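Q: Could you take a close look at a single part of the model shown here, and then set that part in its surroundings? I would like one connected account, with the terms explained as they come up.

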Amino acid sequence: MTIVDQRIASTTESRTKVLFSKHPNSRFLLQMNFNLPPDALSFREDSFRRMVEECCDKEVLELLQLQLVDTSLNLIEITDPLSILQFESDRTASMKESLGIPCTDDRGIYSFFVMPGVRLKLDKLIRSLRALI
């Protein structure tokens, strides 16, 4: 093995260790969370809305506003902020078109599929906020 090959192998091995480390400061965990400011748990109203829109998009912000969630602390207390989409309502109908796919099976039973990217971003934001506790 040449010196260049050894450096590449050493670098690859150390990157792998960092990426899969369970240490709280590892790169792997940082990639799994949004990089939020330390005071993000105190965000409310405008600062909270900006954070949600930047991390999750406008549609998720509208969904949270419908549920009167307007602070970071309120958001981390909700079990499933997407569960409201299981209900048929005039107020949720337009949101469903942008957040997922509503459908009815052969027996006429209604269900709703949330797009994975929507759920991923929202879960990631909640996880990032909880990591600040």
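A: The account below begins with how the model may be read, then turns to one helix and works outwards from there.

This is a predicted model, in which local features need pLDDT of at least 70 and side-chain atom pairs count only at pLDDT 80 or more, whereas totals for chains, interfaces and linings use all residues. Residues are numbered from 1 along each chain as its sequence is written, and side-chain values use heavy atoms, with hydrogens and water left out. The mean pLDDT (the predictor's confidence in each residue, from 0 to 100) of the protein chain is 82, and 77% of its residues reach 70 or more. Confidence is lowest in helix 1 (residues 3-19), at a mean of 41, and highest in helix 5, at 98; helices (H or I, at least four residues) and strands (E, at least two) are DSSP runs numbered from the N terminus. Over residues 3-23 pLDDT stays under 50. Where pLDDT is low, the predicted coordinates should not be read in detail.

The part chosen is helix 3, whose twelve residues (45-56) should span 16 Å at 1.5 Å a residue, and the end C-alpha atoms are indeed 16 Å apart, which agrees; the expected span is 1.5 Å times one less than the number of residues. After helix 3 comes D57, whose phi is positive, near 90 degrees.

Which residues of helix 3 are buried? They are F48, M51, V52, C55 and C56, where buried means under 20% relative accessible area, exposed over 50% and partly exposed in between, with a 1.4 Å probe and protein chains only. These residues cover an arc of only 95 degrees around the axis, which puts them on the same side of helix 3; the arc is that of the directions from the helix axis to the C-beta atoms. What covers them includes helix 4 (58-66), helix 5 (72-77) and helix 7 (116-130).

Two contacting residues outside helix 3 fill in this picture, a contact being heavy atoms within 4.5 Å. S72, found in helix 5, is buried at a relative accessible area of 0% and, leaving aside neighbours within four places in sequence, is in contact with A40, L41, F43, F48, M51 and L129. L125 touches F34, L36, M51, V52, C55, C56 and L75, again not counting residues up to four places away in sequence.

M51 also appears, with L75, L125 and L129, among the residues that touch the most other members of the largest nonpolar core, which has 28 residues. Such a core is a set of buried Ala, Val, Leu, Ile, Met, Phe, Trp, Tyr and Cys residues joined through side-chain atoms within 4.5 Å. In soluble globular proteins, nonpolar side chains tend to be buried together.

Helix 3 also holds a salt bridge, meaning a side-chain nitrogen of Lys or Arg within 4 Å of a carboxyl oxygen of Asp or Glu: R49 pairs with D46, the closest N and O atoms being 2.5 Å apart. R49 and D46 are three residues apart in helix 3, and so are separated by about one helical turn. R49 is partly exposed at 27% relative accessible area, and D46 is partly exposed at 47%. A search of the whole structure finds four salt bridges, including that of D80 with R119, with closest N and O atoms 3.8 Å apart. D80 lies in the loop between helix 5 and helix 6 (90-99) and R119 in helix 7, so this pair ties together parts that are 39 residues apart in sequence.
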